Amino acid sequence: MHKPTPQWQMDTLLTHAGRKGKAHSGPVNPPVIRASTMLFPNVAALNKASGTRGIYGRHGNETTHALEHALCAAEGAAACLLTPSGLSAITTTLLALLQPGDHLLMVDTTYDPTRLFCEGMLKQIGVSTTYYDPLIGAGISALMQPNTKVVFVESPGSLTFEVQDIPAIAKIAHAQGALVVSDSTWATPIGWSSFELGIDVSLHAATKYIVGHSDALMGIILTTAALAERLRCTYKQLGLTISGDDAALALRGLRTLSARLAMHRSSAHQIATWLKAQPEIAEVLYPPMEGSAGHAIWKRDFRPEYACGLMGAVFRADISEEQVAALIDRTELFGIGFSWGGFESLILPTAPRHCRSINAEHWQAPMMRLHVGLEGVQDLISDLECGFDVLRTMQVKQATMTMPINTTSHKTAA
Ligand SMILES: *Cc1c(COP(=O)(O)O)cnc(C)c1O
């Protein structure tokens with residue numbers, strides 16, 4: 001395997017990591033291996049191979065190993081485990097690092113299925129969870145218990161995009177012997193130096209930008225040498241694996257990750273700026289945009305050139321959910337669907353107040369989440385304009401409907 005050179009630029013690293021280098025002849029990409037059984041010519045060869053990786057399909061193959069190598073190089077990790085979904089990367093890691101009687105500090109703005117796992121299986125096995133404010137920073141020290149083993153971060157937060165002060169949190173967690181686990185899906189492996197910020201295990205829904213084409217689900221666990229065996233042990237016991245076909249799709253996606261992010265980011269900036277100028281919008285939640293909440297910490301901790309295309313928008317309180325639904329329905333280029341990170345634009349109404357323990361009351365106004373895809377940005381803006389036109393027509397209708405009542409009351413008063 002090619003040894004990535006430290007001074008390579010990220011774009012170079014993404015095109016060369018996990019490949020065999022100049023001496024290699026034959027196809028550029030590794031073969032797409034489909035395998036359960038691996039054969040051995042004789043018992044001696046079987047005995048020699050036992051205990052090593054690659055003696056059975058579940059242990060991976062040339063395709064999955066090339067992807068692991070490339071991902072380790074991209075994020076600067078020592079070890080990589082590939083799981084069938086982003087959620088399984090999260091649950092496997094928490095199961096590996098927490099035991100009955102342990103305590104978990106979970107960011108309140110976490111991806112909702114992560115919260116369901118804490119309230120379900122983790123509670124069942126005797127792990128307690130406290131949810132904390134994403135903006136807590138060094139204040140996390142007040143919540144640390146003697147049995148706190150993991151502090152889980154997700155920055156920017158799901159749906160509301162708060163940016164966490166991860167170095168401050170990691171410093172306190174480490175001083176008290178706890179590990180920092182991060183859902184790094186928004187950052188992608190190239191959007192920040194996760195391990196330098198103090199993260200011990202960096203998790204990704206590769207389903208999003210790494211696969212990048214909305215055609216496969218996958219999770220990634222990236223970690224340090226110190227934790228690799230502990231995580232691998234749980235991963236093996238749970239019987240997790242991914243297919244060679246999916247590994248090839250993710251590897252293909254990874255090769256163009258920085259190029260795609262450059263366009264997602266540039267279009268997202270334009271759309272965030274445009275949205276902010278619409279009178280019906282109270283706030284745009286896009287930390288890479290100057291003036292957006294969390295921008296200062298984002299600028300300090302993230303690589304600005306690899307921001308992604310996911311953002312939120314909060315409507316004025318007098319806009320109704322029906323109006324937002326009409327706006328969303330009217331768009332042609334923005335698909336209505338879960339997930340993000342593919343080549344295509346997506347839009348969804350959101351209501352974070354339903355999945356929060358802290359500050360739920362802050363999020364009362366209607367909201368939407370946009371994933372800005374790789375379409376032409378002018379077309380996307382025109383599409384949103386059509387949506388806002390529908391919303392405004394409804395606003396005018398509502399205003400005219402209330403008018404006669406006002407007139408009547410005025411007459412009565414007179
Ligand atoms: C989508 C997502 C996940 C889960 O990924 P799946 O592959 O759908 O299981 C986890 N965390 C975040 C932040 C996500 O957006």
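So, the two domains: their centres, taken over C-alpha atoms, sit 28 Å apart. The split is domain 1 (10-255) and domain 2 (258-400), with bounds from an automatic or database domain assignment. Quick caveat before I go on: this is a predicted model, so local features need pLDDT of at least 70 and side-chain atom pairs count only at pLDDT 80 or more, while totals for chains, interfaces and linings use all residues. Numbering runs from 1 along each chain as its sequence is written, and side-chain values use heavy atoms, with hydrogens and water left out.

Okay, the contact between the domains. Domain 1 puts in 40 residues and domain 2 puts in 39, where contact means heavy atoms within 4.5 Å. The buried area comes to about 3300 Å², and carbon and sulfur atoms give 59% of it. That's the accessible area, with a 1.4 Å probe, that the two parts lose on being put together, summed over both. On the domain 1 side, L159, W186 and Y209 supply 25% of what that domain buries against domain 2, more than any other three residues.

What about charge and polar pairs? Across this interface the rule finds one salt bridge, meaning a side-chain nitrogen of Lys or Arg within 4 Å of a carboxyl oxygen of Asp or Glu. D165 and R300 form a salt bridge through their side chains, 2.7 Å from N to O. Between the domains there are also 19 residue pairs in polar contact, both residues at pLDDT 80 or more. Polar contact here is a pair of N or O atoms within 3.5 Å; within protein, one must be able to donate a hydrogen and the other to accept it, and residues adjacent in sequence count only if both atoms are side-chain atoms.

Now the ligand. It has 13 residues around it, with G86, L87, D183, T207 and K208 the closest; the cut-off is a heavy atom within 4 Å. The T207 side chain has an N or O atom 2.5 Å from a ligand oxygen. For G86, a backbone N or O atom lies 2.8 Å from an oxygen of the ligand, and for L87 a polar backbone atom is 2.9 Å from a ligand oxygen.

Last bit: the salt bridge count by this rule is twelve. Take K20 and E62, whose side chains meet at 3.5 Å, N to O. K20 is in the loop between α1 and α2 (43-49) and E62 is in helix α3 (residues 62-75), so the pair ties together parts 42 residues apart in sequence. Helices (H or I, at least four residues) are DSSP runs, numbered from the N terminus.

Definitions and conventions
Helix = DSSP H or I, 4+ residues; strand = E, 2+ residues; numbered from the N terminus.
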